[in-house]
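Got a few minutes to go through a fold with me? Here is the structure to look at.

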Amino acid sequence: MSVEVAKQRILQRVPLATLIGETVALTTRSGRQVGLCPFHGEKSPSFTIFDDHYFCFGCRARGDAITFVREMQGLSFLESLRYLAEKFGIDVPELEHPTHDRAARQMESNLYKICAESLSFFRERLLASNGTFALQYLESRGFTPEFIEKHQFGLSPQEPQFLVNHLLRKGFAIKDMITASVANSSQYDNKAYDFFNHRLMIPIFDMHGRAIAFGGRCFGDEQPKYKNSRETPLFDKSQVLYGLHLAKEPIRRDRRAIVCEGYMDVLQLWQAGIPHAVACLGTALTIHHLRRLAALTPRVYLIFDGDRAGRAATLRTVSLALEVPQTEFKVVVLPEEHDPDTFVKEYGVAGMEQQLQGAQNLLEFAIQARLMETHDLGVPDLINKEFIPWLQSVDDPVRRQYLLVRIAELTGVPAADLEEKVKPDTAVKRVAPSRVEAPAPEAPRPKVQELKGAELSFMGHLFFSRPGEIDLDTTEQMLKTQLELDELWLDFALELSKALRRNLVPSELNKSHWTSLVIPEALTLIERLERDAPLYITTARQQQMEKLAKEVRRKALKESLARLKQNLMRGTAEEQREILAAVARITKELNAAAVNSGTNP
């Protein structure tokens, strides 16, 4: 009821013609404002604004202010209400979460300001004299000066506290910098350090064009090559698609979206003249991503790198696609040596359009990809271990039957035989729920670094933790600030923490629980941890994990120190001074850590 009250207040106070006039050129005819319909191509205006709604006499599109925002921007109903309320200054306390008080709103406002100020800072550093090498790098990738300016590339400095000190001078609090993921905290000297160091900076915006996070690309062989902001109150990777704030209008207009694996792919496609591209940000496609795209277009192309196509088109993606049946999903597989970035530079727009025209239906591609990776004699096991559990997970009987028939057609196994195995009573007799086997782990991707040493042990303790055994707030803080995990491993660790918050024991969950949430390498890791379970028996798990986190932090500091010393002789006099200052700070932190732990630095 409260949402309905908010809705009516918004509709009463939003000037419909003003809202639509920002997108559609309106003229007055017979006392009413009209324009060319934004929902279909037309030469004579038939899109008409009435007092409380719009109507197109050509395509019959009809709606109010909320409908218009949803259709034009791909927002959900509640997102549209909040967008209009903010845009037109309408007070809607009914939409506030009970815990979202004034202090929380103030913090959110501070985070937006920090991201905006950080964006300006990174851009200024790129254009400064010591940013010339970064500009040359961008130009070597084929980006024009106009494109660099328009898309607000930046540069993070090598000095470990340059941005932090800049933001302090602007009056921002360190705790808010850390929350915004532009800074990291150090437990050794109670100082904050820049989250990004010496990286090409790519801003990430929300649907309204506000900076909410950043991606950093290294200039050499440093790992990880790409580093994204941590998740924050503004930045949820499961919700955000890179570039959608700019791509949404071309997507809606041309009725197609192109999903890539990285933002450099998107930027190259944009520059080549293909403005419909967006990218996931260090995570797999989620139902939120797909629903956001489905609100804008009836067709979505998924572009996979040639060497990762089979692994990327997972059955999970198909399951998600079934939840948005109004949209058709197609797969584009580039030649093995290419990604969208390199392909469009070599073959141009015409070559990419040819690839899109030859795209394959997602369902058929996913099933055929798994079949092609499997020897003929292994197909029965593939059906039993992957296809049958997947079919059993589909609740809608109509969808399940459709999938069953398609799998029967593609595998040659009679549909009746598959249907018999999918029956719930048959599944129970075949294997107890707690012992259902997970799909066989797929081949590890080179880009995902194998967990070793202290990072592996930390993950093991987290996996075997029980609710209440560890402080989850402290653990998540260690994960985000002390353990330098790959983005995908960090996602997995946070999923373990989420399970504990729901009073679940990660190590006792069925493996099928993880297959829809994590990367394939995580299943291999789980099997390894289960084999090594005795190593993780302890009565002091929290202390063990804190000790491991400190060990990882010391290792990272030593590696940073070694890299800085290697770069010392190659830099200019100014760069050498900056490097020496960074060496002194890191050495001080290492010495402090050694004193606290009683070890040698």
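What follows is a short back-and-forth about this structure.

The model is predicted, so local features need pLDDT of at least 70 and side-chain atom pairs count only at pLDDT 80 or more, while totals for chains, interfaces and linings use all residues. Residues are numbered from 1 along each chain as its sequence is written, and side-chain values use heavy atoms, with hydrogens and water left out.

Me: Which strands stand at the edges of the open sheet with the order E6-E9-E10-E11?

Reply: Helices (H or I, at least four residues) and strands (E, at least two) are DSSP runs numbered from the N terminus, and two strands pair if DSSP finds at least two bridges between them. The four strands pair in the antiparallel sense, and the twist averages 35 degrees from one strand to the next. Two of the strands have a single partner each, so one side of each is left without a neighbour in the sheet: E6 (154-156) and E11 (226-228).

Me: What stands opposite serine 156 in E9?

Reply: E6 and E9 (residues 199-205) pair in the antiparallel sense over three bridges. Across from serine 156 in E9 is arginine 199.

Me: At about what angle does helix H11 run to E11?

Reply: Axes here are lines fitted to C-alpha atoms, for helices over the stretch in contact (heavy atoms within 4.5 Å), and angles run from 0 to 180 degrees between N-to-C directions. H11 (residues 263-272) lies across E9, E10 (211-217) and E11. Its angle to E11 is about 100 degrees.

Me: Is threonine 297 buried or exposed?

Reply: Threonine 297 sits in the loop between helix H12 (287-294) and strand E14 (299-304). Not counting residues up to four places away in sequence, it touches Ile251, Arg255, Arg256, Ala257 and Thr327. Buried means under 20% relative accessible area, exposed over 50%, partly exposed in between (1.4 Å probe, protein chains only). At a relative accessible area of 3%, threonine 297 is buried.

Me: How many residues apart in sequence are the parts tied together by arginine 501 and glutamate 476?

Reply: Their side chains meet in a salt bridge (3.2 Å, N to O), that is, a side-chain nitrogen of Lys or Arg within 4 Å of a carboxyl oxygen of Asp or Glu. Arginine 501 is partly exposed at 41%, whereas glutamate 476 is buried at 16%. Arginine 501 lies in helix H23 (residues 487-501) and glutamate 476 in helix H22 (residues 472-481), so the pair ties together parts whose separation in sequence is 25 residues.

Me: Which helix holds both glutamate 409 and arginine 406?

Reply: These side chains also meet in a salt bridge, at 1.9 Å, N to O. Glutamate 409 is exposed at 52%, but arginine 406 is buried at 13%. The two are three residues apart, about one turn, in helix H18 (residues 397-411).

Me: Why is the pair of phenylalanine 343 and tyrosine 347 called tilted?

Reply: Rings of Phe, Tyr and Trp (its six-membered ring) pair if their centres lie within 6.5 Å; planes under 30 degrees apart count as stacked, over 60 as edge-to-face and the rest as tilted. Phenylalanine 343 and tyrosine 347 are four residues apart in helix H15 (residues 340-357). Phenylalanine 343 is buried at 3%, while tyrosine 347 is partly exposed at 42%. The ring centres are 4.7 Å apart, and the pair is tilted because the planes stand at 35 degrees.
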